[in-house]
Amino acid sequence: MSGLKADWQPTCSLDLLRLRAQTLQKIRQFFADRAVLEVETPLLGSAIGTDPQLDFFTTAYHWSPRQQTLFLQTSPEFAMKRLLAAGSGSIYQVCKAFRNGESGRFHNPEFTLLEWYRVGYNLSQLMGEVDELIALLFEGNVLQATQRVSYQSLFQQYTSLNPLVFSYQEYSAYAQGIGLVDAASICGQDHTMWLDFIFSHQIQPYIGNNKLCMVYGYPACMPSLARINENNAAITDRVELFINGVELGNGYFELSDAKEQEQRFDSEIAVRESTKRPAVIKDERLLAALGVGLPDCSGIAIGLDRILMLLSNSPVIDDVLAFSISKA
Amino acid sequence: MAVYSTSEFKAGLKVMLDNDPCAIIENEFVKPGKGQAFNRVKIRNLKTGRVIERTFKSGESLEGADVVDVDMQYLYNDGEYRHFMKPDTFEQYQADDKIVGDASKWLKDQDSCTITLWNDAPLAVTPANFVELAIVETDPGVRGDTSGGGGKPAKLDTGATVRVPLFVQIGEIIKVDTRTGEYISRVKE
């Protein structure tokens with residue numbers, strides 16, 4: 001394609017610009033109808049998520065004579081939670097998020113997120129609303145009935161392995177048996193890495209065939225910012241969305257315990273140090289807000305560019321971006 | 001030799017994997033939103049020709065392989081080795097049957113072909129896409145049939161057998177596509 005188009009030209013077609021605009025309109029109408037408030041939060045922040053698998057962009061803020069490092073946000077989550085703690089009620093936002101080093105068919109380091117929080121919703125209620133929004137956005141595309149399935153049963157169905165109990169012997173025998181020769185040397189004794197490896201190679205490509213597949217009940221070793229399930233400490237109240245094998249979003253019944261949040265920050269910071277990832281500054285303002293009290297709520301972030309890829313049958317994310325990173 | 005990181009893997013890049021020279025065919029970045037990033041790579045082992053799928057943690061790297069394609073002239077077969085020559089430097093290389101493989105049935109003295117060199121030693125031989133060879137054996141055809149329908153087997157002077165139209169006769173030169181093994185046309189001397 002780059003051979004045919006001059007370098008200054010958009011990477012997407014003009015039709016895609018219109019599809020994006022229509023999709024944004026539908027989203028805004030959807031939330032207006034439900035009295036969910038649209039908000040904006042800073043893309044530049046003085047702190048950043050501690051997620052061990054995310055790399056960020058930093059920039060220098062000059063305000064003579066001071067100079068401060070600011071982080072381009074990997075997600076608007078922390079700022080939105082501070083609004084929730086301040087009593088905003090249910091809120092949503094469409095914004096850019098930035099993740100350094102992520103580039104591929106489904107990744108551009110700068111991308112668009114739709115993120116929203118529902119005060120008083122548990123995870124299952126939020127999944128219901130996600131279902132309605134996806135139905136609206138995919139109007140006329142006739143998706144099949146939505147599937148809700150637990151991480152554990154999905155894993156067992158595709159691999160016969162139990163994702164909640166780590167057994168190096170069973171996991172490595174499985175991987176060897178199906179020709180994933182690199183799994184054992186990459187994953188070693190790291191349970192989470194094994195789950196990521198097997199899920200992304202042997203499960204994800206095959207789920208959500210022409211339908212929305214919502215996978216909930218992620219193992220407790222991959223909690224991110226979700227609460228531990230109150231009836232089963234081996235799983236978390238976390239959900240991920242897939243259509244045609246494409247990961248679209250990640251949602252939680254939000255952790256609101258400031259102490260537990262700080263512990264997760266600290267353990268993630270320790271992991272970052274041991275894997276020599278760039279150092280982060282943990283968000284003390286988020287911890288202070290949680291200390292005052294985050295209302296019980298569920299929230300989710302959806303990658304809008306990937307929704308547009310699915311709506312337009314585009315095989316590459318560049319096809320839905322005005323200018324992908326290579327032309328930015 | 002240079003070292004390449006997973007983000008630099010692209011189709012055609014030659015790298016060393018398990019001590020064998022390989023060519024990358026396809027590289028897909030796979031990353032669960034909150035999880036470990038991997039690169040799933042389709043790769044061809046240039047020694048065996050086999051295509052395999054491997055996975056790397058994103059950010060890992062492989063050493064480059066000193067593999068180059070060089071146009072050479074095929075000289076002769078001494079029974080054990082086939083000999084080739086770089087036309088510009090007259091440097092000569094030899095390759096045994098294992099390396100020449102299927103290319104042998106298209107190689108005619110003086111014809112040019114592509115030799116893949118790994119650390120300056122032949123690794124594989126690729127004949128020119130089109131070669132012109134003489135028919136040494138075929139059933140007598142039906143005169144006047146120029147439709148090309150049907151066809152018959154014909155043995156060529158290099159030993160290859162291809163299907164040709166009925167009107168093509170022993171002694172004629174034909175043009176063949178070596179990638180498909182298909183007859184293209186007759187060649188007028």
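Two strands pair if DSSP finds at least two bridges between them. That rule applies to every strand pairing in the legends below, and the model shown is predicted.

**Strand 12 of chain B pairs with strand 15 and with strand 13 of chain B.** Strand 12 spans residues 130-138 and strand 15 spans residues 173-177. Five bridges join them, and the two run antiparallel. In this pairing, B:Val131 has B:Val176 as its bridge partner. Strand 13 covers residues 152-156. Three bridges link strand 12 to strand 13, again in the antiparallel sense. Here B:Ile135 of chain B stands opposite B:Leu156 in strand 13.

**A five-stranded open sheet in chain B.** The strand order is 9-8-7-10-11, with antiparallel pairing. Strand 9 (92-96) and strand 11 (121-127) stand at the edges. Each has a single partner strand, so one side of each is left without a neighbour in the sheet. From one strand to the next, the twist averages 45°. Strand 10, residues 112-118, pairs with strand 11 over six bridges. That pairing is antiparallel. B:Cys113 stands opposite B:Pro127 in strand 11. Strands of a sheet pair through backbone hydrogen bonds.

**A four-stranded open sheet in chain B, with a helix of chain A packed on it.** The order is 2-3-4-5 and the pairing is antiparallel. Strand 2 (14-17) and strand 5 (51-57) are the edge strands, each pairing on one side only. Neighbouring strands are turned by 45° against each other on average, direction ignored. Strand 3 (residues 20-30) and strand 4 (residues 38-45) run antiparallel and are joined by eight bridges. B:Asn27 stands opposite B:Val41 in strand 4. Helix 7 of chain A packs on this sheet. This helix touches strand 3, strand 4 and strand 5 of chain B. Its direction makes about 60° with that of strand 4 of chain B.

**Helix 5 and helix 7 of chain A pack together.** Helix 5 covers residues 168-177 and helix 7 covers residues 191-203. Their axes lie 12 Å apart, at an angle of about 25°. Angles under 35 degrees count as roughly parallel. The two helices are therefore roughly parallel to each other. Helix 5 passes helix 7 in a left-handed crossing. Helix 5 contributes A:Tyr168, A:Tyr171, A:Ser172, A:Tyr174 and A:Ala175 to the contact. Helix 7 contributes A:His191, A:Trp194, A:Leu195, A:Ile198 and A:Gln202. Seven of these contact residues are nonpolar, three are polar and no residue is charged.

**Helix 1 of chain A crosses helix 10 of chain A.** Helix 1 spans residues 14-33, and helix 10 spans residues 304-311. The axes come within 11 Å and cross at roughly 120°. The pair is therefore oblique. The crossing is right-handed. On helix 1, the contact residues are A:Leu16, A:Leu19, A:Arg20, A:Thr23, A:Leu24 and A:Ile27. On helix 10, they are A:Leu304, A:Asp305, A:Leu308 and A:Leu311. The contact divides into seven nonpolar, one polar and two charged residues.

**Helix 1 of chain A also packs with helix 3 of chain A.** Helix 3 holds residues 123-137. The angle is about 145°, and the axes are 10 Å apart. Helix 1 passes helix 3 in a right-handed crossing. A:Thr23, A:Lys26, A:Ile27, A:Phe30 and A:Phe31 come from helix 1. They meet A:Glu129, A:Glu132, A:Leu133, A:Leu136 and A:Leu137 in helix 3. The residues of this contact are six nonpolar, one polar and three charged.

**Two backbone details in loops of chain A.** The peptide bond from A:Ser64 to A:Pro65 is cis, with omega near 5°. A:Pro65 lies in the loop between strand 3 (57-63) and strand 4 (66-72) of chain A. A:Val142 is not a glycine, yet it has a positive phi of about 40°. The loop that holds A:Val142 runs between helix 3 and strand 7 (144-150) of chain A.

**Confidence of the prediction for chain B and for the complex.** Chain B has a mean pLDDT of 92. Of its residues, 95% reach 70 or more. For the complex, the predictor gives an ipTM of 0.88 and a pTM of 0.85.

Definitions and conventions
Residues are numbered from 1 along each chain as its sequence is written. Chains are lettered from A and ligands numbered from 1 in the order in which they are written. This is a predicted model: local features need pLDDT of at least 70, side-chain atom pairs count only at pLDDT 80 or more; totals for chains, interfaces and linings use all residues. Side-chain values use heavy atoms; hydrogens and water are left out. Axes are lines fitted to C-alpha atoms, for helices over the stretch in contact, and angles run from 0 to 180 degrees between N-to-C directions. Angles under 35 degrees count as roughly parallel, over 145 as roughly antiparallel, 65 to 115 as roughly perpendicular and the rest as oblique. A crossing is left-handed if the near helix is turned anticlockwise from the far one by less than a right angle, and right-handed if clockwise. Contact means heavy atoms within 4.5 Å. Ala, Val, Leu, Ile, Met, Phe, Trp, Tyr, Cys and Pro count as nonpolar, Asp, Glu, Lys and Arg as charged, and the others, Gly among them, as polar. pLDDT is the predictor's confidence in each residue, from 0 to 100.
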